[in-house]
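Q: Please take a close look at one part of this structure, a pair of packed helices. Please then place that part within the whole chain.

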Amino acid sequence: MIAENTLDATMAMVKKTMNLENLENENANLAEQVFSARNVRVANNVTKQYAMDELLSGDVRRAFQDNWIYIHDFNAYASGNHNCLTLDLAEVLKSGFKTNNADIREPNSISSAMQLTAVIMQCQSNLQFGGIAAGTLDIDLAPFVEKSFANYYREGMNYIYEIQSADEPVHFLNNKSDYPSDHPYRKACDYAWDKTVEETHQGAEAMIHNLNSLQSRAADQLPFTSINYGTDTSPCGRLVTKSILNATMEGIGKHHLTPIFPVQVFQYFKGINDRPGTPNYDLFRLAMKCSALRMFPNYANCTASYFKKPTCKEEIFNTMGCRTQISDDRFGIKGNQGRGNISPVTINLAKIGIENGICLDKRVKPDIDGFWSTLDRILQITAKALVERFDYQGRQPAKSAPFMYENQLMKGRKLSADEPVREVLKHGTLAIGLIGLANCMSAMFGKHQFEDEDVWNFAYSVYQHVADFKNAMSEKYDLNFSVYSTPAENCCYSINQRLVREYGEIKGVTDRGYLTNSFHCPVWYPISAEEKIRKEAPFHKLSRGGAITYVEVDSSTQHNIPAMEQLVNDAMAHDISYFAMNVQIDTCRSCSYQGLIDHTCPKCGSSDIERLRRITGYLTGSVERMNIGKQKEVADRVKHTGRGHILFDWRD
Ligand SMILES: [Zn+2]
């Protein structure tokens, strides 16, 4: 029975939410004011309270309430679902799948395969609170290009030559001119080739349109989708990659706006696409042209020194667009396809720094011993928080997510409807997240790790320590722990706000309105791209649960492909696992003009401007949909390609 005062408070919350009096912009992808979102927000408030009171153990609850740790997607805690999944798309398409009302068979053409890809992503998205990715989209979809080609070739033979079946199979080739000129059915080849290219391009357009309009969950959310591609050197796989890049560059709708989803990741692979003479180098060049125009794709470093050589497509390195990566499975599934992250818990490094550093003027020298013992205490609680949530998630019956478990999207073994999902879920990862390393260093030493080599060394030893701890926990609990460099879309703001409430605004530590992401260089700190890459790169090797390095690119680099290429090559050579270039994309909503727009459109004078910026690896519709912390962060960003000078700030 709910106590009466609790009930009053709940009703007051319902009233506020329904009257739109407490909008927070917590998540840039979610429209809080729409009908379904109001219901969801009311439910979230209640289930969060339930999880806090009933599901967390005492020390975990205290650490969360005292702002030492942040339990992500806490509103989803009580229902017991998990975070994200990387699809083995080839497998799902080949075996077909079941939904509530339908039994879908293997598609027979590239356009149906692309359509079904969007459907699968949407269905799965409803069953989890995070993103859904395709790990090798080009490899997975290539067989369907061949199927389309075969269909058209048969058609051509039938209509042009009146022959019902061909003696020898003819395959899709890179160029029409690759078919011998004396081929007996040359016209059928040409016809099939043209139709296949056209169909694949239209399929790519439709897939991108679908992933930007199919809603999932409540509140107008789009599924958080990511696709990885670029390593398939077969003519069919290459056509998939090329068609997606071209469709992305075209943009969506009347104003040719930049597609926000799927997040696209080009898989940079030495010897396959990295330099002139490699088979997919032309696609790498096309990818950079696309990045300059549309911010995507980002770049995954498949041949980083710490990755072993892939023995199958599942082992080719790929990532969730937001940066979450699924590290190796101690239970033997190869690669990350059919596996996901189960949940992340992030450690507030800034607070550990404030408590043990010089920033509060309580001590002259930082308390190094105190720092390590606080960190160890919080690490233990973090591991406990992850394991107790995992145990709760693992007890849920498979019937809670029929689409995922019946179709075995999450690999492992087939579960019966009432069986608990733990045996399958254990192949996923438990992520120990880190936020505010730079804030922590400033609190400890008065300087962050990009200002001083000794501080950098200390910062690195913190990450190394967490990586060692992660290994120990994986052994202790027999689960896949990982280290996660937290993107922190909404917690960068809320955690900082709470620090300000507790300690006041501390210069250089909490005075920016947000915490700095993971190990990143503070966005306002002037630094060249080269230096940023060199100093952030070593942290990637330690963040096998995911990391990203961004460079803010000025407009002269944006329009200079060789300069972009040099930047990507440099990042990859330094062993950055996942790299992205932030460009400015302003679009006039009245006349579709695109380019840098200060206040009003230079072409038509309108002030209705969409300003697309990246947050946490995803793009957001426009800056005004971000939370206040992120808006401040975007306003603070300085360019990195101008040797550290502030070249442009959209608010100036
Ligand atoms: Zn205009």
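A: In this predicted model, helices α8 and α9 pass each other in a left-handed crossing. The residues that make the contact can be listed from either side. Helix α8 contributes Arg238, Thr241, Lys242, Leu245, Thr248 and Met249, and α9 contributes Leu283, Leu286, Ala287, Cys290, Leu293 and Arg294. Helix α8 covers residues 235–250 and α9 covers residues 281–294; their axes come within 9 Å and cross at roughly 20°. An angle under 35 degrees counts as roughly parallel, and therefore α8 is described as roughly parallel to α9.

A second pair of helices offers a useful comparison. Helix α14 (residues 437–445) and helix α15 (residues 453–477) have axes that come within 11 Å and cross at roughly 125°. These two helices are therefore oblique to each other. The crossing of α14 and α15 is right-handed. Here Leu437, Met441 and Phe445 of α14 meet Val455, Ala459 and Val462 of α15.

The chain beyond α8 also deserves attention. Ile260 is found in the loop between α8 and β7, the latter being residues 263–268. Is Ile260 buried or exposed? A residue counts as buried if 20 or more other C-beta atoms lie within 10 Å of its own; Ile260 has 23 within that distance, and so it is buried. From Ile260 to Arg339 there are 79 residues in sequence, and the C-alpha atoms of these two residues are 24 Å apart in space.

The wider setting is given by the domain assignment, which divides the chain into domain 1 (1–49), domain 2 (56–82 + 343–516) and domain 3 (85–315). Taken over C-alpha atoms, the centres of domain 1 and domain 3 are separated by 41 Å.

Finally, there is the nonpolar interior. The largest nonpolar core has 166 residues, and those with the most contacts inside it are Ile69, Leu87, Leu141, Val145, Val240, Leu437 and Val568. Helix α6 (residues 137–161) supplies the largest share of this core, with 10 residues. Because domain 2 and domain 3 both give residues to the core, it lies between them. In soluble globular proteins, nonpolar side chains tend to be buried together. Leu87 illustrates the contacts of one such core residue: leaving aside residues up to four places away in sequence, Leu87 touches Val92, Ile120, Ile132, Ala133, Ala134, Gly135, Gln337 and Leu409.

Technical notes: Residues numbered from 1 in each chain as written. Predicted model: local features only at pLDDT ≥ 70, side-chain atom pairs only at ≥ 80, totals over all residues. Domains from an automatic or database assignment. Core = buried A, V, L, I, M, F, W, Y, C linked by C-beta atoms within 7 Å. Buried ≥ 20, exposed ≤ 12 C-beta atoms within 10 Å, placed from the backbone. Helix = DSSP H or I, 4+ residues; strand = E, 2+ residues; numbered from the N terminus. Contact = placed C-beta atoms within 7 Å. Axes fitted to C-alpha atoms, helices over the stretch in contact; angles between N-to-C directions. Parallel < 35°, antiparallel > 145°, perpendicular 65-115°, else oblique. Left-handed = near helix turned anticlockwise from the far one by under 90°.
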